[in-house]
Amino acid sequence: MTPMISFKLSELASELATVLPDCRFESDGDDPIITGVAAIDKAQAGEITFVSSSKFVSKLKDTQASAVILDQKTPSTLPCIRTTNPRILFAKVLEKFYQPPIAPLGIHPTAILGEGVQLGENAAIGAYAVIGDRTKIADNVTIFPHVTIYNDVEIGIGTTIHANCVIRDRTQVGANCIFHPNAVLGADGFGFELSPDATWYKIPQTGYVIIEDNVELGCSCAVDRPSVGVTIIHKGAKLDNFVQIAHGVRVGAHSVLAAQVGLAGGVTLGHHVVMAGQVGANDRVHVGDGAIIGGKAGITSDVPAGASMIGFPTVPEKSWKRVVIAERQLPDLLHTVRKLEKRIAELESKLAE
């Protein structure tokens, strides 16, 4: 049975101030014992909650929570911990109370290891995992059940690979990565050429995939190998569920791609690019550093660094908003035009008389 974890709120604030220096405890005198974290409408006595935006402030008066995480300005009658980065503080508090799933210990007897596999210290391989020949697995790597790793793969220190992931041959994975269930790395890119006999001829995909340090891939992500060269996800990038990275794509460092983003072959992203859900990009377009692309946008040409774009094809966000407003006014504008046309016709008729 897992022992209960608890902290006085003031102690929790003091400990977290070592990583967030502006973190401070605030109370009218009460210093509650905190035993867990919960949503504002579900929290009970002993739990701390989190207010992420002003629209949830009104719920503070009804919550049963004993404390709340806030920014530096939002008023509260509850004891609280304040910081200028409340979402980061929330994450740090969760880490204090969350008990992660127990990783497999050692090498499960049903796991299959090929010839010449190199295992680092404390590597853990779960049930029915298959590790190909000459694969190198560094220290503290965790491989959950039913993972399949092909030949000549390299996996860096501290990486975690969840159940049912597939990593194809020669893929290189950095340190401290996290791959969620069913992610596939290094499958063939979608390369076909129409033959004279009207059939599609498959172009061999001889390249490979590089995943740098601290990359996280969501469930069912696909990162494809190119016909030649490399597909690369640079350090710190975070990809949500069902993201498609085609052959030869380069995703810049610390970029964030939400669910169902699809990047066609040869697309390049700068660093810290943000793409909302279901964004698509045509082949070989470049998206500059720090650009933000709104949901369901279609990128058909290069996007400059720092731009905020949306729509299909993408346009600057301000222009898109003007277009949306104008579209909503179209029925009234059409009615006005018809009245004017009728009036003009009446005036022309009178002039003709």
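Thanks, everyone. Strands here are DSSP runs of E at least two residues long, numbered from the N terminus. Keep that in mind as we go, and remember that this is a predicted model.

Let's start with His254, which is found in the loop between strand 29 (250–251) and strand 30 (256–257). What is the sign of phi at His254? Positive, at about 60°, although His254 is not a glycine. As for the surface, partly exposed runs from 20% to 50% relative accessible area, so His254, at 36% relative accessibility, counts as partly exposed.

Now go back along the chain to Arg170. This residue is in the loop between strand 17 (166–167) and strand 18 (172–173). Here again we have a residue other than glycine with a positive phi, near 70°. Arg170 counts as partly exposed because its relative accessibility is 33%.

Strand 18 brings us to the pairing. Strand 18 and strand 23, residues 208–211, are parallel partners with two bridges between them. Which residue in strand 23 is the bridge partner of Gln172? That would be Ile210. Ile210 also stands opposite Ile232 in strand 26. Strand 23 and strand 26, residues 230–233, run parallel and are joined by four bridges. If you have the structure open, try following Gln172 to Ile210, and then Ile210 to Ile232.

One last stop, friends: a peptide bond. Phe312 and Pro313 are joined in the cis form, with omega about -10°. Where is Pro313? In the loop between strand 38 (308–310) and strand 39 (315–316).

That's my tour. Happy to talk it over!

Key. Residues are numbered from 1 along each chain as its sequence is written. This is a predicted model: local features need pLDDT of at least 70, side-chain atom pairs count only at pLDDT 80 or more; totals for chains, interfaces and linings use all residues. Side-chain values use heavy atoms; hydrogens and water are left out. Buried means under 20% relative accessible area, exposed over 50%, partly exposed in between (1.4 Å probe, protein chains only). Two strands pair if DSSP finds at least two bridges between them.
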